[in-house]
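Colleague: I am new to this structure and would be grateful for a close look at a single part of it. Please set that part in the context of the whole chain.

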Amino acid sequence: MAPRKYLYVFFIVFIHWSAFAQTNGAINIGHVDTIYSSILNESRPIWIHVPEGSESNIYEPTSYPVIYLLDGDAHFSSVVGMVDQLSSVNGNSICPKMIVVGIPNTDRTRDLTPTKASSDHPFVDSTMAAHSGGGEAFMDFMEKELIPYIESHYSTQPFRMLIGHSFGGLTAINTLFERPDLFKAYLALDPSMWWDNQRLLHEIQQAENQSGYQNRWLYLGIANTMDHEKDTLVGLQDTTVATEHIRNIIYLNRFYDHLQISPFKYDSKFYPDDDHGSVPLIATYDALRFFFKSYPVTISFEDFMNPDLDLAAKIQKHYEQVSVDFGYEIKPDESLMNLIGYQFLGMKQLEKAEKFFLLNTVNHPKSFNAFDSLGECYQEMGKKEKAIKSYQKSIELNPDSYSKEKLEALKSNK
């Protein structure tokens with residue numbers, strides 16, 4: 001569908017496609033679902049955010065990667081908002097739109113600790129010790145019940161990410177170590193590697209088989225828990241319980257930094273001005289930027305104005321490579337390609353415009369809007385019969401398509 005005015009510098013125009021639904025005066029970012037777990041012997045509420053799909057592609061639901069978010073009730077709104085901002089707001093395509101599955105806690109210590117610990121540690125009281133050690137069952141729940149449920153009830157892609165903070169970060173590291181194929185990307189936010197006398201840390205450091213890290217991605221966010229000291233070397237020199245939390249995370253970071261496994265995509269960051277409670281927000285942002293560094297297509301002013309460059313082919317090639325990187329087919333964004341097509345149409349570079357509109361019909365063959373836009377392009381090019389066929393295809397896909405009036409006007413103009 002043609003905009004009322006052509007956008008001559010398209011890359012500085014900000015467009016807000018919000019993933020937040022508005023109904024009955026309320027702004028909704030998701031809904032609550034429930035799954036009964038026979039493994040955990042309880043009903044589990046899950047918070048689900050599904051991005052709004054393209055209204056012009058009404059017969060072909062969009063499929064999305066999935067983020068599984070531990071402590072879901074604590075971090076759901078921030079992660080959903082961040083993904084929306086980076087994938088949609090102001091025309092951003094820094095990361096893909098994604099389904100977010102928040103997993104609220106029913107018994108946090110039970111589910112997010114991999115082993116049962118004793119109460120002889122200053123951080124562990126008798127109640128916590130008694131409830132600990134159910135991490136394996138919780139991972140069974142995720143692998144055998146939750147993930148299959150999400151993938152059977154929602155339109156998903158095979159790219160999965162796990163995000164966890166504190167005990168949740170411990171679970172993320174444990175899952176990567178024990179069941180690396182369960183997720184492609186892992187985000188561990190200030191994980192509690194001190195748990196059970198550093199048992200998981202020692203197992204990771206001493207493991208002989210490290211092949212599970214191949215083709216996995218990990219980001220480690222490290223908070224400053226050293227009483228305002230901002231030098232991690234000082235923390236390592238302090239062997240008191242006050243620095244036990246950060247010391248073991250630093251040891252983990254050193255291990256992954258020197259891990260000679262290819263390809264293993266790893267990065268970490270120490271946040272000197274953020275404590276254990278504040279680090280999830282900024283570290284999640286940095287992790288998304290790290291994981292999806294190669295995702296966005298870069299179009300320079302020179303690319304756009306170069307008469308000899310096939311910009312449509314460049315964009316298509318970029319997404320073919322991105323599809324290889326992320327393990328599933330990723331097509332150029334329909335709205336972006338449509339916008340660029342109209343830009344070239346407004347500049348009277350009709351053959352370039354045609355390439356973008358044609359590519360949209362190939363990549364999104366069930367989008368009535370793609371064929372409507374192609375019809376406008378053909379009409380502008382004076383190719384009446386092709387314009388008629390494109391408008392007819394748009395109407396075939398959607399009887400309420402705005403191509404109806406254009407087709408009638410075109411046919412009546414002998």
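Leaving aside its neighbours within four places in sequence, with which residues is Pro 148 in contact?

Modeller: The model is a predicted one, and the description that follows should be read accordingly. When neighbours within four places in sequence are set aside, Pro 148 is in contact with Met 142 and Glu 143. Pro 148 belongs to helix 4, which runs over residues 135–153. Its relative accessible area is 35%, a value between the 20% under which a residue is buried and the 50% over which it is exposed; Pro 148 is therefore classed as partly exposed.

The setting of this residue is a chain of 414 residues, of which 51% count as buried. The secondary structure comprises 16 helices and 10 strands, and the C-alpha trace spans about 90 × 45 × 40 Å along its principal axes. Among contacts with a separation of 6 or more, 70% join residues that are 24 or more positions apart. The surface that the chain exposes comes to about 19300 Å², with carbon and sulfur atoms supplying 51% of that area. The chain carries 36 positive and 53 negative charges, and the mean positions of the two groups are 10 Å apart.

The interior may be considered next. The largest nonpolar core has 59 residues, and Met 161, Phe 291, Phe 292, Ile 315, Phe 326 and Ile 340 are those with the most contacts inside it. For Met 161, again without its neighbours within four places in sequence, the residues in contact are Val 66, Ile 67, Tyr 68, Phe 183, Ala 185, Leu 288, Phe 291 and Phe 292. Separate from this core is a second one of 56 residues, which includes Leu 112, Leu 182, Ile 204 and Leu 220.

Helix 1, residues 72–87, offers a further view of the packing. Its buried residues include Gly 72, His 75, Phe 76, Asp 84 and Ser 87. The buried residues of helix 1 pack against four strands and a helix, namely strand 4 (42–49), strand 5 (64–70), strand 6 (99–103), strand 7 (156–165) and helix 9 (279–291).

Two cysteines complete the account. Cys 95 has a relative accessibility of 2% and Cys 377 one of 0%; because buried means under 20%, both count as buried. The structure holds 0 disulfides.

Note on methods. Residues numbered from 1 in each chain as written. Predicted model: local features only at pLDDT ≥ 70, side-chain atom pairs only at ≥ 80, totals over all residues. Heavy atoms only, no water. Helix = DSSP H or I, 4+ residues; strand = E, 2+ residues; numbered from the N terminus. Buried < 20%, exposed > 50% of the residue type's maximum accessible area, 1.4 Å probe, protein only. Contact = heavy atoms within 4.5 Å. Areas by Shrake-Rupley, 256 points an atom, 1.4 Å probe, with all protein chains shown as cover. Lys, Arg positive; Asp, Glu negative; His and termini not counted. Charge placed at Lys NZ, Arg CZ, Asp CG, Glu CD. Core = buried A, V, L, I, M, F, W, Y, C linked by side-chain atoms within 4.5 Å. Disulfide = S-S within 2.5 Å.
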